[in-house]
Amino acid sequence: MSDAAIRTILIAGGGTAGWMAAAALSVAFQPHQCRIVLVESDEIGTVGVGEATIPPIQLFNKILGIDEREFVRATQGSFKLGIEFVGWLREGQRYFHPFGRYGDDFGLTAFHQQWLRAQTLGSTTPLDGYSLNHQAAYRGRFEIPTPQSNPVFSTFSWAYHFDAGLYARYLRGFAERRGVERVEGKIAEVVLRPGDGFVDRLILGDGRALEAELFLDCTGFRGLITEALGTGYEEWTHWLPCDRALAVPCARVADPVPYTRATARQAGWQWRIPLQHRTGNGHVYCSGAISDDAAAATLLANLDGAPEADPRMLRFTTGRRRKAWNRNCIALGLASGFLEPLESTSIHLIQTGISKLLSWFPDRHCDPLLAAEYNRLVDAEMESIRDFLILHYQANERDEPFWRQCAAMPIPDTLAAKIEMFRANGRLIERPHDLFHPTSWLAVLLGQGVAPAAHDPLADTVPPEELAAVLGGMRHVIDQAAARMSTHQQFIDRNCRAAPASAITQEPHP
Ligand SMILES: Cc1cc2nc3c(=O)[nH]c(=O)nc-3n(C[C@H](O)[C@H](O)[C@H](O)COP(=O)(O)OP(=O)(O)OC[C@H]3O[C@@H](n4cnc5c(N)ncnc54)[C@H](O)[C@@H]3O)c2cc1C
């Protein structure tokens, strides 16, 4: 290794971001190559939310060599096939954003263009009829495909719901077994190097000093190191106006469904995340449009089961750090910004932040060119997610002042162009850094009432009888495949049933 190689990485913070980073770096480096030290404060604790994910987390687990079933068992997890949005367009309406794909492309166009054409020819089958994820989700079914499964499973995709506390504990065990050193203590001071302003060391409350060449700021909303570097924050509250959340677990009253539910409320929305041992709930709202008491009352009045704690409040400002990588510090997780939890993208952004860091890994000089490229990629990814989230708020026909204000807000040009194109002819603009694929945009555009005026003229090249036969065949195969899956609960019982919650040993919170 060169003399300039990084010998010590210091991870500040032990929430999901800190332990994901520690686990991934422990796989990338042997302890003799690079020391990985994580400091966290039991007194401060973690945000303790972040229970829903999106499919790329499978890749993270795969790279770490984590067994899917063991992971679900250890985190009281369940499987997620998508998100059901209730009341987002207007009261009483609902739609489903499935993972996976709708149908299969045929002819010269995207599948949904054939579906649009079929509608003009009199078909009444909703697009949902062509999503295996949707069909399985609403039947409460789940199965992990095997190589012998019907080829229709190539359109099927899943993620997980899990207990955030258990996830951090699981990753901590993983990382510590691979040599990551954990330090308990409260960071009291960030000392910068005179001259270049790089972070030199962290001083703990008891006077201990922690030195490293590279620092990962995973201290949550505090962004301790990032703040010390004067990094600055770009607010997006004019597009994503919710700024508080109340979170409360409640008793499980039925078998967990394999999807998240997001229900629009007077000035925000409520999540429901089914786990094996309980259901996670939260109300995300705009404090300027509803009081905390009213938000809490709404949350508690809309739980499936008895609350298992008092609602816990979290305050946030939507937006991002001006530089995720500044000098020799990379901010990950909430320290790098927060959009909002609607599409479960935060844990994913931690994952992609780590993988970008490994792609552009520096030596101790931290070449600004590397940081600039990293920041460019992070910015593009966050902007694309931001646009997708804004779509949910802006394209609504609800009647409350909060929602009317969202419908009237000016939106980024990048989003306006996507909506305009889709409205005109059903075409979906794809950009290189889009996290969400056409299926996702399609589900939310249609769900939020953005209806295309026309379809791709190339769809007309398929004769109507052939179109009806192909669509009918797909529908049938999807129906059959969904009907044959085991129920979600059966799948969990057979493969990844967790110990009862009462049997989970109460270690100190990591
Ligand atoms: C309401 C809400 C709902 C969410 N839902 C989802 C979701 O469904 N899906 C999803 O992907 N994401 C979700 N998120 C985001 C997700 O919770 C976070 O991205 C994830 O938990 C990572 O948090 P973190 O590790 O950055 O911060 P934290 O969990 O806050 O961890 C910060 C760590 O830093 C330590 N620390 C702080 N200050 C000091 C100090 N002075 N000294 C020492 N240690 C210190 C703390 O002790 C802690 O260990 C949600 C977030 C919110 C607010």
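The dialogue below takes up backbone phi values and one helix pair in a predicted model.

Me: Which conventions apply to this predicted model?

Reply: Residues are numbered from 1 along each chain as its sequence is written, and side-chain values use heavy atoms, with hydrogens and water left out. Because the model is predicted, local features need pLDDT of at least 70 and side-chain atom pairs count only at pLDDT 80 or more, while totals for chains, interfaces and linings use all residues.

Me: Which sign does phi have at Q76, and where is Q76 found?

Reply: Most residues other than glycine have a negative phi. Q76, although not a glycine, has a positive phi of about 55°, and Q76 lies in the loop between α3 (68-74) and β3 (78-80), where helices (H or I, at least four residues) and strands (E, at least two) are DSSP runs numbered from the N terminus.

Me: Does Q76 count as buried or exposed?

Reply: Q76 counts as buried because its relative accessibility is 3%; buried means under 20% relative accessible area, exposed over 50%, and partly exposed in between, with a 1.4 Å probe and protein chains only.

Me: How should I read the packing of α10 and α12?

Reply: Two packed helices are described by the angle between their axes and the distance between the axes. Here the axes of α10 (residues 368-394) and α12 (residues 413-425) come within 9 Å and cross at roughly 65°; axes are lines fitted to C-alpha atoms, for helices over the stretch in contact, and angles run from 0 to 180 degrees between N-to-C directions. The contact (heavy atoms within 4.5 Å) is made by R386, D387, I390, L391 and Q394 of α10 and T414, L415 and I419 of α12.
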